[in-house]
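Thanks for making time this morning. I would like to walk you through one structure, starting with the empty space inside and then moving to the parts that surround it.

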Amino acid sequence: MAPPPPLNIPYKMGKFQLSHRVVLAPLARQRSFKNVPQPHAVLYYSQRASDGGLLIAEATGVSDSAQGYPNTPGIWTEEQVQAWRPIVDVVHQKGGILICQIGHVGRVSNYGFQPRGQAPISSTDKLLVPQVGSNGIDVADFSPPRRLTTEEIPMIVNDFRVAARNAIKAGIGFLHSSYTFRIKGFDGVEIHGAHGYLIEQFLKDQVNDRTDEYGGSLENRCRFALEIVEAVVDEIGADKVGIRLSPYANYNEAGDSDPEALGLYMVKSLNKFGILYCHMVEPRMIKVGEKAETPHSLLPMRKAFKGTFMVAGGYHREDGNQAVSSNYADLVAYGRLFLANPDLPRRFELDASLNNYNRSTFYIPDPVLGYTDYPFLE
């Protein structure tokens, strides 16, 4: 019997025994009406869950100021926490592991998404120019951001702490006269420190023009991110915390003059907390949805980081297998391919044909079309 391909070899990530290395990347699908996860998401995540499979849920806002897109979920209210519970439960019923990605868009927003029509918050007051959306059609306009004061930053850090706590408690429970029955919530959280959103607006020197202890030097620019990591670790434990970073990317006008130094500083700093994993976007993914040739590699960060190292960025079966077999990464996250192929790990194992994804249906509000209607192999 032929050995399984590298992506289908089991892997132990902390206390989690994974049956394969194919991870569902966090994918914004904009189907959480009024920022509340919906019943159709139960089917979506259930379809992609497998025994011992790792899924990372879509970017989830930590507060009412964290939103920058329509119909994206949050986890700051009790209603939202309750709405996540059946989603978490169905993944666990299938033996899967579900991580909640928590984040804040910062200046990638406008007055219409903000409470009381206020200005979006950021590390800076520099306006983000209009951007063509991920669907390649719509153009997003942004409002001038408001630079956070030094004194306000701990409040934002605390929003991440509370969101992490909410994610872990998003299980199903009820009281009986003689006992309490409880099904656990999310298995952990992934801090969204990538893609030009709030954390990266502090990390990257193209955006961060502060003169306080959160700006200037590399150490200062990383301070906000690492304070969030520390707060979340203190709240739920390092064994349940991951982070996503994109040092080489220039999403939402968030580039850096020395991305390798930034990436290395971050992973070495993360080692002090002993977090579960680091999820890093490939250097070739400079713009959303576009691959570019690059001489850069994540290998220095992979070698420096002591936990599980996950990569993402336009991978297919062959280069995913190569990444694992060459020890470039432990896990590979797949977005568009996993959306279009809910049984992607199985298809990779069999080297079966893949469904094509339909980009025009990525972000429409339909609860079925382009969401739960992609066919399985059988």
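Let me begin with the largest cavity, which holds about 40 Å³ of space; please keep in mind throughout that this is a predicted model. A search of the whole structure finds 2 cavities of 30 Å³ or more, and the second largest cavity comes to about 30 Å³. As a reminder of the idea behind such a search, rolling a probe the size of a water molecule over the atoms shows where empty space is left.

Which residues line the largest cavity? They are G193, E200, L203, L245, S246, P247, L262, G263 and M266, and by class they divide into 5 nonpolar, 3 polar and 1 charged. Two helices, α4 (198-203) and α6 (259-271), each supply at least two residues of that lining, with α6 giving the most, namely 3 residues.

The second largest cavity is lined by R31, S32, P37, Q38, H40, A41, E58 and Y371, and here the classes are 3 nonpolar, 3 polar and 2 charged. I would like to stay with S32 for a moment, which sits in the loop between β3 (22-24) and α1 (39-48). Is S32 buried or exposed? With a relative accessibility of 5%, S32 counts as buried, because the cut-off for that label is under 20%. If we leave aside neighbours within four places in sequence, S32 is in contact with P37, Q38, E58, N71, T72 and P73. In addition, the C-alpha atom of S32 is separated by 8.4 Å from that of P365, although the two residues are 333 apart along the chain.

That loop leads us to α1, which is largely enclosed by the rest of the structure, since 7 of its 10 residues are buried. The buried ones are H40, A41, Y44, Y45, S46, Q47 and R48, so two of them, H40 and A41, also appear in the lining of the second largest cavity. What covers the buried residues of α1 includes β3, β4 (54-56), α2 (78-93), β6 (97-103) and α9 (336-340).

Y45 deserves a separate word. Again leaving aside neighbours within four places in sequence, Y45 is in contact with L24, L55, A57, E58, W84, I87, V91 and L98. In the largest nonpolar core, which has 85 residues, Y45 is among those that touch the most other members, together with F186, F224 and Y334. The largest share of this core, 10 residues, comes from helix α5 (residues 218-236). There is also a second, separate core of 16 residues, which includes Y11, M13, M310 and L331. As background, in soluble globular proteins nonpolar side chains tend to be buried together.

Finally, let me turn to helix α8 (residues 317-325), whose buried residues are R317, G320, N321, A323 and V324. Why do these residues lie on the same side of α8? They cover an arc of only 155° around the axis, and that places them on one side of the helix. The general background is that an α-helix has 3.6 residues a turn, so residues three or four places apart point the same way. The cover over the buried residues of α8 includes β17 (331-334) and α10 (344-350), and just after α8, N327 takes a positive phi of about 65°.

Technical notes:
Residues are numbered from 1 along each chain as its sequence is written. This is a predicted model: local features need pLDDT of at least 70, side-chain atom pairs count only at pLDDT 80 or more; totals for chains, interfaces and linings use all residues. Side-chain values use heavy atoms; hydrogens and water are left out. Buried means under 20% relative accessible area, exposed over 50%, partly exposed in between (1.4 Å probe, protein chains only). Helices (H or I, at least four residues) and strands (E, at least two) are DSSP runs, numbered from the N terminus. The arc is that of the directions from the helix axis to the C-beta atoms. Contact means heavy atoms within 4.5 Å. On a 1 Å grid over the protein atoms alone, a cavity is a set of points where a 1.4 Å probe fits but cannot get out, and a pocket is an open set with protein on both sides within 12 Å along at least five of seven lines; lining residues have an atom within 4 Å of a point. Grid points are joined across faces, edges and corners, and a volume is the space filled by probe spheres set on the points. Ala, Val, Leu, Ile, Met, Phe, Trp, Tyr, Cys and Pro count as nonpolar, Asp, Glu, Lys and Arg as charged, and the others, Gly among them, as polar. A nonpolar core is a set of buried Ala, Val, Leu, Ile, Met, Phe, Trp, Tyr and Cys residues joined through side-chain atoms within 4.5 Å.
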